[in-house]
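Subject: Structure for your review

Dear colleague,

Please find below the structure that I am handing over to you. I would be grateful if you could read the notes with the sequence and the coordinates open beside them.

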Amino acid sequence: MNAGVLHLLGQQAVDDHGLFIADTFGPTFQGEGPSLGRQALFIRLSHCNLSCGQGPGARWACDTAYTWDFKTYDPQDPKIRRRVLLDELMAWVKARTVRLVVITGGEPLIQRVGLERLVAMLHAEGYEVEIETNGTLIPSEDLVAAVTAFNVSPKLAAAGGREIMRIVPAALAAFVASGKARFKFVVNELDEFKEIADLAERFAMTEIWVMPEGTSADTVRQGLRTIAEEALARGFNLSPRLHVELWEDERGR
Ligand code: SF4
């Protein structure tokens, strides 16, 4: 876990009726993966237990570092991180007509108690809920029961850092066993496909999506062309990044 996370989350341990968030936004379109193009509301949670792009061997950088890189971004600045009560989040969702809520990050499963409560509240109101996760933390039975789907994005060597941090076998096995996981890999180079295929075989992953990295439409389009044939040959699904195509790296879209 990043330095300072436990300290910063201490307040939540005492009073768990809230979540630390970076953004709420939408309606917009789900830009990636199986629900691509669907209208959705997004709740982006703060904090992450990885630091993609900063470790040895990194070939790309996290595009939401403001959710966790508190050496660069000030966590006391409410535009970076603020604590919001679950009732307030529910009121924000219910003021809109869209029925799909995507909870992303950062790494949402770090704020386990608040996340479980929010997903349970959304589920009880009939919302579809997708959680986007790096797949390193084991979801509880309650979370599995209430969520519609997990969009699990394990980080390959190109994210940098040690494999023992990025790939947690017990967590990946739990996501597979949940029956609600779709696996989504960021790929830039063709040599990364073998890494994905090895993980898919090792953990019996079935629903696999690959997606190029990039924060500009041109980069993503070029990446799609680079990886498309290999994705077809391997039997993987291909995802563009619709939000980048439409709004490049504008925050909150
Ligand atoms: S897991 Fe996701 S949010 Fe966390 S550092 Fe990596 S890319 Fe960023």
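The notes below take up the ligand site, the aromatic rings, the backbone and some contacts across the sequence. Please bear in mind throughout that this is a predicted model.

**Ligand site**

The ligand occupies the largest pocket of the model. Around the ligand stand C48, L50, S51, C52, C62, T64, W68, G106, N134 and K155. By character, this shell consists of 5 nonpolar residues, 4 polar ones and 1 charged one. One member of the shell, G106, is also of interest for its backbone, since the peptide bond that leads from G105 to G106 is cis, with omega near 10°. G106 is placed in the loop that runs between β4 (100-104) and α3 (112-124).

**Aromatic pairs and charges over rings**

There are 5 aromatic pairs in the model. One of them is formed by F25 and F42, which are stacked, with 5.1 Å from centre to centre and 5° between the planes. F25 belongs to strand β1 (residues 18-29) and F42 to strand β2 (residues 39-45), so this pair ties together parts that lie 17 residues apart in sequence. Are these two rings buried or exposed? F25 has a relative accessibility of 7% and therefore counts as buried, the cut-off being under 20%. F42 is likewise buried, at 7% relative accessibility.

A second pair has another geometry. The ring centres of Y66 and Y73 are 6.4 Å apart and the planes stand at 80°; the pair is therefore edge-to-face. Y66 is buried, with a relative accessible area of 10%, whereas Y73 is partly exposed, at 31%.

Y66 also has a charged neighbour: R251 lies over the face of the Y66 ring, at 4.0 Å from the ring centre. An arrangement of this kind is found at F20 as well, where the charged end of R81 sits over the ring, 4.1 Å from its centre.

**Backbone features**

As background to this part, most residues other than glycine have a negative phi, and most peptide bonds are trans. In addition to the cis bond between G105 and G106 described above, a cis peptide bond joins G26 and P27, with omega at about 5°. P27 is located in strand β1, the strand that also holds F25 of the stacked pair.

Which residues have a positive phi although they are not glycine? H47 is one of them, with a phi of about 85°. H47 lies in the loop between β2 and β3 (82-85) and is buried, its relative accessible area being 0%. A204 is another, with phi near 55°. The position of A204 is in the loop between α7 (192-203) and β8 (208-212). In contrast to the buried H47, A204 counts as exposed because its relative accessibility of 52% is over the 50% cut-off.

**Contacts across the sequence**

Three pairs of residues show how separate parts of the chain come together in the model; for each, the separation is given between C-alpha atoms.

- R241 and L36 are 205 residues apart along the chain, and their C-alpha atoms are separated by 8.5 Å. R241 is found in the loop between β9 (237-238) and α9 (242-247), and R241 is buried, at 7% relative accessibility.
- A158 and W60 are 98 residues apart along the chain, with 6.7 Å between their C-alpha atoms. A158 is placed in the loop between β6 (149-152) and α5 (163-166). With a relative accessibility of 3%, A158 counts as buried.
- A170 and I138 are 32 residues apart in sequence, and 7.2 Å separates them in space, C-alpha to C-alpha. A170 lies in helix α6 (residues 169-178) and is partly exposed, with a relative accessible area of 47%.

When you open the model, I would suggest beginning with the ligand in the largest pocket, and then turning to the stacked rings of F25 and F42.

With kind regards

Key
Residues are numbered from 1 along each chain as its sequence is written. This is a predicted model: local features need pLDDT of at least 70, side-chain atom pairs count only at pLDDT 80 or more; totals for chains, interfaces and linings use all residues. Side-chain values use heavy atoms; hydrogens and water are left out. A residue is near a molecule or strand if one of its heavy atoms lies within 4 Å of it. On a 1 Å grid over the protein atoms alone, a cavity is a set of points where a 1.4 Å probe fits but cannot get out, and a pocket is an open set with protein on both sides within 12 Å along at least five of seven lines; lining residues have an atom within 4 Å of a point. A molecule sits in a cavity or pocket if more than half of its atoms lie within 2 Å of its grid points. Ala, Val, Leu, Ile, Met, Phe, Trp, Tyr, Cys and Pro count as nonpolar, Asp, Glu, Lys and Arg as charged, and the others, Gly among them, as polar. Rings of Phe, Tyr and Trp (its six-membered ring) pair if their centres lie within 6.5 Å; planes under 30 degrees apart count as stacked, over 60 as edge-to-face and the rest as tilted. Helices (H or I, at least four residues) and strands (E, at least two) are DSSP runs, numbered from the N terminus. Buried means under 20% relative accessible area, exposed over 50%, partly exposed in between (1.4 Å probe, protein chains only). A charge sits over a ring if NZ of Lys or CZ of Arg is within 6 Å of the ring centre and within 35 degrees of the ring normal.
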